[in-house]
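Subject: The structure I promised you

Hi,

Here is the structure we talked about, ready for you to open and turn around on your screen. Have a look at it first, then read on for what I found.

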Amino acid sequence: MKGTIIYPGTFDPVTNGHTDIVARAALIFDRVIVGVAASTAKATAFSADERVALARDVLSPFSNVEVQRFEGLLADFARQVGATLLLRGLRAVSDFEMEFQMASMNRKLIPEADTIFLTPAEQYSYISSSLVREIAALGGDVSAFVDKRVLAALRERWR
Ligand code: ADP
């Protein structure tokens with residue numbers, strides 16, 4: 001499909017669930033921009049630059065996927081890169097409410113853009129960055145949920 005789609009998120013850190021969504025999007029859309037939100041209300045385990053570097057490493061096999069950091073509003077970033085499509089992943093019904101609210105708000109802020117949802121393969125449907133962080137911080141094994149480079153970064157972070 002022609003055009004650019006932005007996949008925005010915190011990616012703290014990028015997980016196999018995110019990669020699954022990116023892989024699907026890369027088959028459908030000409031150009032996928034993974035937008036790493038630098039300013040987030042959440043306290044992150046990794047800095048914005050670290051989150052971008054990890055996502056770039058992990059997603060480098062996809063030739064039509066770029067990882068870009070953005071500050072401030074997604075609406076401004078979307079206009080800046082000329083994207084009129086936004087991508088979000090839906091894991092379970094519990095994601096729906098928040099995602100519906102966000103898509104509706106983004107429609108007000110960027111009326112020219114639409115949000116598209118993709119679902120991951122079922123083995124990724126229970127993975128979240130926050131659970132991965134929590135398990136890693138407590139010394140648990142998260143090797144099934146993240147790329148080996150992310151695993152190394154997590155180990156370094158909580159050494
Ligand atoms: P946020 O912190 O804003 O929820 P994330 O960076 O965690 O965003 O994730 C970005 C997007 O990826 C969100 O749409 C989220 O629902 C989706 N996502 C996260 N984990 C998975 C997964 N395991 N499978 C599919 N989508 C996912």
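Let's start in a loop: Pro 13 sits in the one between β1 and α1. Keep in mind throughout that this is a predicted model. The peptide bond leading from Asp 12 to Pro 13 is cis, and its omega is near 0 degrees. Phe 11 belongs to the loop between β1 and α1 as well. Phe 11 isn't a glycine, yet its phi is positive, at about 50 degrees. Is Phe 11 buried or exposed? Its relative accessible area is 4%, and buried means under 20%, so Phe 11 counts as buried.

Now for the sheet. It is open and has five strands, in the order β3-β2-β1-β4-β5, with parallel pairing. Which strands stand at the edges? They are β3 (65-70) and β5 (114-118); each has a single partner strand, so one side of each has no neighbour in the sheet. From one strand to the next, the twist averages 30 degrees. If you're wondering what pairing involves, strands of a sheet pair through backbone hydrogen bonds, and they can be parallel or antiparallel.

For a closer look at one pair, try β4 (residues 85-89) and β5: they run parallel and are joined by five bridges. Within that pair, Leu 86 stands opposite Thr 115 of β5. Helix α1 (residues 16-28) packs on the sheet, where it touches β1 (4-9), β2 (31-37), β3, β4 and β5. The direction of α1 makes about 115 degrees with that of β5.

While you're at the sheet, click on Gln 68, which is in strand β3. Its relative accessibility is 21%; since buried means under 20% and exposed means over 50%, Gln 68 counts as partly exposed. Leaving out residues up to four places away in sequence, Gln 68 touches several others, including Arg 31, Ile 33, Arg 56 and Phe 77. The side chains of Gln 68 and Glu 66 are joined by a polar contact of 3.0 Å. You could also try the distance tool on Gln 68 and Thr 15: they are 53 residues apart in sequence, and 17 Å apart in space from C-alpha to C-alpha.

Next, the ligand. It has 16 residues around it, and the ones that come nearest are Tyr 7, Thr 10, Lys 42, Gly 89 and Tyr 124. Here are three pairs of atoms to look up:

- Lys 42: a polar atom of its side chain lies 2.5 Å from an oxygen atom of the ligand.
- His 18: an N or O atom in its side chain is 3.1 Å from an oxygen atom of the ligand.
- Ile 127: this time a polar backbone atom is involved, 2.9 Å from a nitrogen atom of the ligand.

How much of the ligand does the protein cover? On its own the ligand has 540 Å² of accessible area, and the protein covers 89% of that.

One last stop: Asp 95, in helix α4 (residues 93-109). With a relative accessible area of 13%, Asp 95 is under the 20% cut-off, so this residue is buried. Setting aside its neighbours within four places in sequence, Asp 95 is in contact with Gly 89 and Leu 90. You've met Gly 89 already, as one of the residues that come nearest to the ligand.

Have fun exploring!

Note on methods: Residues are numbered from 1 along each chain as its sequence is written. This is a predicted model: local features need pLDDT of at least 70, side-chain atom pairs count only at pLDDT 80 or more; totals for chains, interfaces and linings use all residues. Side-chain values use heavy atoms; hydrogens and water are left out. Two strands pair if DSSP finds at least two bridges between them. Helices (H or I, at least four residues) and strands (E, at least two) are DSSP runs, numbered from the N terminus. Axes are lines fitted to C-alpha atoms, for helices over the stretch in contact, and angles run from 0 to 180 degrees between N-to-C directions. Contact means heavy atoms within 4.5 Å. A residue is near a molecule or strand if one of its heavy atoms lies within 4 Å of it. A polar contact is a pair of N or O atoms within 3.5 Å; within protein, one must be able to donate a hydrogen and the other to accept it, and residues adjacent in sequence count only if both atoms are side-chain atoms. Accessible areas come from the Shrake-Rupley method with a 1.4 Å probe; for residues, only the protein chains shown count as cover. Buried means under 20% relative accessible area, exposed over 50%, partly exposed in between (1.4 Å probe, protein chains only).
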